[in-house]
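Reader: Could you take me on a close look at the place where the ligand sits? I would enjoy one connected account of the contacts and of the space around them.

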Amino acid sequence: MATAESPAPAASNTKLSAPQKALRKLGLVRDVDLALHLPLRYEDETQLVPLAQVRDGEVAQFEATVVRSDISYRPRRQWVVEVADGEATCTLRFFHFYPNQQKALAVGQRVRVRGEVRGGFLGRQIVHPSYQPAGGALQEALTPVYPTSAGLPQAYLRKAVVSGLSRALKRGAFDETLPPHLQPRGLWPLDQALHFLHHPAPAVSLATLEDRSHPAWQRLKAEELLAQQLSQWQARREREALRAPILQARAGGLPEQLLGVLPFGLTAAQQRVTQEIAQDLARAQPMHRLLQGDVGSGKTVVAAFAAAVAIESGWQCALMAPTEILAEQHFRKLIDWLEPLLASRERSVAWLTGSQRKKDREAMQARIAQGHAALIVGTHAVIQEGVQFARLGLAIIDEQHRFGVAQRLALRRKIGAEAGESEPHLLMMSATPIPRTLAMSVYADLDVSTIDELPPGRTPVTTRVLPETRRDALITRLQAQVAQGRQAYWVCPLIEESEALDLTNATETHAQLCAALPGVSVGLLHSRMPTAEKKAVMAEFVAGRIGVLVSTTVIEVGVDVPNASLMIIEHAERFGLSQLHQLRGRVGRGSAASACVLLYALGEHGRLSETARERLRAMEETQDGFEIARRDLEIRGPGEFLGARQSGAPLLRFADLLHDQDLLAWARELAPRLWQEDPEKAQRHMERWLGGKSDYLKA
Ligand code: ADP
Ligand code: MG
């Protein structure tokens with residue numbers, strides 16, 4: 001029976017050589033891993049060309065006779081060899097060399113030379129060519145060049161891959177897993193496709209290998225997408241087999257009371273998603289739902305509703321936010337809304353963060369463990385050790401994309417650990433809408449609810465893109481606006497290379513604005529400030545006592561101050577599109593007409609990069625989060641769009657969600673059928689691709 005699990009010989013040794021260690025570091029442990037390590041590109045060593053036919057810039061292989069061999073010292077020490085093949089000559093240049101090399105290339109020797117030929121004004125030349133005695137056998141297939149790392153020579157890797165491949169093929173590790181009637185027409189058998197990609201015939205078009213349109217590549221991509229879909233189907237089925245508490249509110253219960261105390265009615269979209277969530281909660285299987293909605297679409301109240309359902313049913317609800325500021329905002333809002341309703345039930349809201357005093361935290365933990373805290377709000381401190389829930393029925397994660405993979409895995413483990421006979425329901429919220437294609441591929445094990453409408457009375461935000469040179473004029477306008485009682489955010493960019501520089505930047509801008517805006521209270525907020533100070537500044541801004549808030553991107557997520565109607569973003573060209581959109585979402589929340597100014601500075605070459613220009617244009621042209629997400633995907637491509645944080649691991653090595661949508665659709669349709677018709681093959685298919693990585697799929 002074929003298995004994918006036997007390790008390559010390297011793995012069984014306890015003492016590993018440097019290249020063996022490098023192999024492991026690349027994750028090349030099992031034979032199947034080696035076999036699936038596919039070439040980046042190929043070199044053609046199947047033929048010899050006459051020197052006269054070689055063109056500038058080409059990698060060429062030819063045979064010729066050494067006619068000169070000298071060490072020269074100008075402009076620096078080098079060994080210069082001239083070779084001739086009867087029609088033309090070529091100079092070989094070496095800047096590093098050993099005496100025994102000189103023997104191999106002595107005058108009169110016939111040699112086979114390979115390298116990139118440069119035209120140059122002194123005639124053809126190759127720097128550091130590879131060479132061997134002339135007359136050896138030529139390669140019969142194109143020579144693969146594999147992705148590698150330091151300490152792992154190409155030749156060693158090539159050998160390891162080739163022998164891993166042949167062992168795997170011999171063992172039948174790449175046997176067909178697709179029953180014939182489920183194979184699309186023209187699909188190459190996997191073992192053939194793999195063999196081909198590692199040893200392509202010389203006649204093949206290099207272009208179809210390079211753009212991966214060759215049928216062998218198509219098979220690999222189909223294979224990979226199917227593995228991903230299979231694993232998500234499996235996750236869904238596993239979840240369906242789990243038990244969860246049935247959370248259901250009675251008429252006139254807590255959720256209804258909550259809606260009664262809100263100062264507004266729910267939008268149609270909020271009502272719809274609230275229903276979807278209520279239905280999930282009332283089922284005996286754990287909910288696994290993503291609530292997506294643009295910034296400001298009102299996700300918090302939906303979360304409060306879900307919390308109310310859980311509490312009403314006698315269970316605890318934990319709400320986790322990525323930053324303390326955000327957690328604090330939720331806390332205050334939820335207290336306003338829910339605490340008056342809870343008081344009569346002798347239950348309360350608890351609060352957990354990293355910056356809390358130990359004593360306070362322990363007191364909170366005790367109340368959580370005893371079940372006196374019905375709603376627990378906080379940062380990831382909520383899932384840390386020492387926190388034990390009496391009866392966790394629902395976990396809500398706000399801005400889930402802001403949590404790292406490790407934190408998301410920790411959360412899943414926590415939830416798993418809390419599960420006694422039943423597992424808590426899970427609601428994730430995100431303001432970065434994921435385009436449909438991506439959502440269905442990456443989150444097949446997730447139900448998605450979408451709020452596609454903003455609360456009424458929102459004023460559209462006018463967006464202007466201005467060059468830095470207009471800064472002074474802008475500050476003058478700002479003065480007038482703040483004098484009329486408006487509040488503004490002034491955001492300074494994060495400078496990736498240096499957090500220190502980033503702070504100087506914000507501090508300097510703060511000083512500058514203080515000087516330029518007499519009579520205006522200008523506040524400063526940045527990530528290095530102690531939490532208490534941050535909170536104090538935020539409170540001043542919320543209360544309207546600060547007119548202009550200078551900050552780094554700490555305000556990016558979720559902050560809600562309806563009176564703030566102006567957003568100025570400095571060096572907007574340095575921000576990503578979704579980040580700009582999130583920032584802009586901080587304004588336009590009140591009744592005043594709002595504006596967002598994107599200040600840009602030209603780069604070193606006096607120009608904006610093409611992608612920066614596209615991002616700024618998108619911001620000017622649309623305010624629709626889904627449209628923004630679509631354009632972001634287009635500008636960045638899916639891999640980067642999702643990022644390692646979002647997708648957990650680079651799950652798709654070969655397929656591309658944007659360009660391989662046909663294959664994706666095929667894999668989506670096929671996955672459930674394969675599970676049904678031949679679960680053993682489905683399992684095998686999944687394992688040979690995902691090995692130990694399947695955990696990440698759940699993050
Ligand atoms: P986000 O989806 O970005 O988390 P919030 O939940 O913070 O948005 O809501 C943004 C603002 O809109 C808050 O001030 C909230 O109270 C308000 N809001 C939410 N729903 C409605 C509604 N149906 N009508 C009016 N205002 C609403
Ligand atoms: Mg929010």
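Author: Happy to; what follows goes from the ligand outwards to the pocket. Please keep in mind that this is a predicted model.

Let us begin with the shell. Ligand 1 is surrounded by 17 residues, and the closest are Gly265, Gly296, Thr300, Arg458 and Asp560. Sorted by class, this shell holds four nonpolar, seven polar and six charged residues.

Some of the contacts can be described atom by atom. At glycine 265, a backbone N or O atom lies 2.8 Å from a nitrogen atom of ligand 1. Glycine 298 also takes part through its backbone, with a polar atom 3.1 Å from an oxygen atom of ligand 1. Threonine 300 uses its side chain instead: an N or O atom there is 2.6 Å from an oxygen atom of ligand 1. As for cover, ligand 1 taken alone exposes 570 Å², and the protein buries 88% of that.

Now step back to the space itself. Ligand 1 occupies the second largest pocket, which has a volume of about 880 Å³. Its lining is made up of 33 residues, and those nearest the centre of the pocket are Thr300, Lys333, Arg458, Asp560 and Arg589. Two elements, α11 (299-312) and α12 (324-343), each give two or more residues to that lining. The most comes from α12, with seven residues. By class, the pocket lining has 12 nonpolar, 12 polar and nine charged residues.

Thr300 is a good residue to select in your viewer: its side chain makes the 2.6 Å approach to ligand 1, and Thr300 is also among the residues nearest the pocket centre.

Notes
Residues are numbered from 1 along each chain as its sequence is written. Chains are lettered from A and ligands numbered from 1 in the order in which they are written. This is a predicted model: local features need pLDDT of at least 70, side-chain atom pairs count only at pLDDT 80 or more; totals for chains, interfaces and linings use all residues. Side-chain values use heavy atoms; hydrogens and water are left out. A residue is near a molecule or strand if one of its heavy atoms lies within 4 Å of it. A polar contact is a pair of N or O atoms within 3.5 Å; within protein, one must be able to donate a hydrogen and the other to accept it, and residues adjacent in sequence count only if both atoms are side-chain atoms. Accessible areas come from the Shrake-Rupley method with a 1.4 Å probe; for residues, only the protein chains shown count as cover. On a 1 Å grid over the protein atoms alone, a cavity is a set of points where a 1.4 Å probe fits but cannot get out, and a pocket is an open set with protein on both sides within 12 Å along at least five of seven lines; lining residues have an atom within 4 Å of a point. A molecule sits in a cavity or pocket if more than half of its atoms lie within 2 Å of its grid points. Ala, Val, Leu, Ile, Met, Phe, Trp, Tyr, Cys and Pro count as nonpolar, Asp, Glu, Lys and Arg as charged, and the others, Gly among them, as polar. Grid points are joined across faces, edges and corners, and a volume is the space filled by probe spheres set on the points. Helices (H or I, at least four residues) and strands (E, at least two) are DSSP runs, numbered from the N terminus.
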